[in-house]
There are 2 protein chains.
Amino acid sequence: MKPSGILETIIYANDLEQAAWFYHEVLGLEMPREPSELAAFFRINEHQVLLVFDPTVSDQPGRAAPSHGARGPGHIALRIEPEHYDAWKRRLSGFGVAIEQEIEWPNHTDPGRSIYLRDPTGNSVELITADIWRG
Amino acid sequence: MKPSGILETIIYANDLEQAAWFYHEVLGLEMPREPSELAAFFRINEHQVLLVFDPTVSDQPGRAAPSHGARGPGHIALRIEPEHYDAWKRRLSGFGVAIEQEIEWPNHTDPGRSIYLRDPTGNSVELITADIWRG
């Protein structure tokens, strides 16, 4: 008996409109509805959602669900197709989003490359072409 | 062109041994190797890993990869099977892990239930039987 998947991945941002711009417009994630005061919601695929919470709202006591709310730069890594790597760099450049670093992972079982950028809040977002944790 | 999945979901903990106990022993997640000073690594399924970073290490400048490290309680939601709901409650009780709250989601397209607990660092961990974000 063990959990079968991560349904909700959470990061935090103080400006959810900026988060919506970054994750929906720049990264192209599906955003089924406009952000609330509490959170922006992105459908990643059939099994995963990304929730971006405003920690000044989500950490208040007395909410319907338990409180939480981290501060400081978090991190997520999103899978991209290897053949789209250069197209992603062009797209980010077109939106004026700086690439912080690129890394090649040649020594892993599943070799690949990563593009690192920062969302408007400063979270470290990685676009990665391979599952470097396999094996 | 959009990312196809979240490969790495990250939360933070100052004591990675305690995190290993909680996520590997209590929740049963696969832990392919012992935690490093930097992070504990859990394989969730074929497409997802959970990384628990020590933010006092991961936020240092000059690492091989960009720095990050949030403080304060984060949140993740893990999928469990509806038929295991009561077995999970017994298992948590057996490990002395308190249930902070239970919620029913009857009004969603995919009705379900959630168990909320806290990991040793204070992150809010949800065990959920359904994809309440669908529809």
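Guide: One term before we start: two strands pair if DSSP finds at least two bridges between them. Keep in mind, too, that this is a predicted model.

Visitor: Okay, with that in hand, which residue of β6(B) is the bridge partner of B:Glu102?
Guide: Start with the strands: β5(B) and β6 (residues 113-118) of chain B run antiparallel and are joined by four bridges. Two bridges are enough for a pair, so these strands pair. Within β6(B), the bridge partner of B:Glu102 is B:Ile115.

Visitor: And what is the bridge partner of A:Gly5 in β4(B)?
Guide: Here the pairing goes from one chain to the other. β1(A) lines up with strand β4 (residues 75-79) of chain B in the antiparallel sense, over four bridges. In β4(B), A:Gly5 has as its bridge partner B:Arg79.

Visitor: Which are the edge strands of the open sheet?
Guide: Just read along the order of the seven strands, which is β2(A)-β3(A)-β1(A)-β4(B)-β7(B)-β6(B)-β5(B), with mixed pairing. An edge strand pairs on one side only, and that fits β2 of chain A and β5 (101-104) of chain B.

Visitor: What angle does helix α1 of chain A make with β2(A)?
Guide: Helix α1 (residues 16-26) of chain A packs on that sheet and touches β2 and β3 of chain A. Compared with the direction of β2(A), the helix direction makes about 15 degrees.

Visitor: Which strand supplies the largest share of the side of chain A that touches chain B?
Guide: In the contact between the chains, 46 residues of chain A meet 46 residues of chain B. Several strands of chain A each supply at least two residues to that side, among them β2 (39-45), β3 (48-53) and β7 (124-128). The largest share, six residues, comes from β1(A).

Visitor: How many nonpolar residues does that side of chain A have?
Guide: Sort the side of chain A that touches chain B by class. Seven residues are charged and 14 are polar, while the nonpolar ones number 25.

Visitor: What kind of axis relates the two chains?
Guide: Chain A can be laid on chain B with an RMSD of 0.0 Å, using a turn of 180 degrees and a shift of 0.0 Å along the axis. That is the relation of a two-fold axis.

Visitor: How many residues of helix α3 of chain A are buried?
Guide: To be buried, a residue needs 20 or more other C-beta atoms within 10 Å of its own. Helix α3 (residues 85-94) of chain A is hardly covered. Among its ten residues, the buried count is one.

Definitions and conventions
Residues numbered from 1 in each chain as written. Chains lettered and ligands numbered in written order. Predicted model: local features only at pLDDT ≥ 70, side-chain atom pairs only at ≥ 80, totals over all residues. Buried ≥ 20, exposed ≤ 12 C-beta atoms within 10 Å, placed from the backbone. Least-squares fit on C-alpha atoms with pLDDT ≥ 70 in both. Contact = placed C-beta atoms within 7 Å. Nonpolar A, V, L, I, M, F, W, Y, C, P; charged D, E, K, R; others polar. Axes fitted to C-alpha atoms, helices over the stretch in contact; angles between N-to-C directions.
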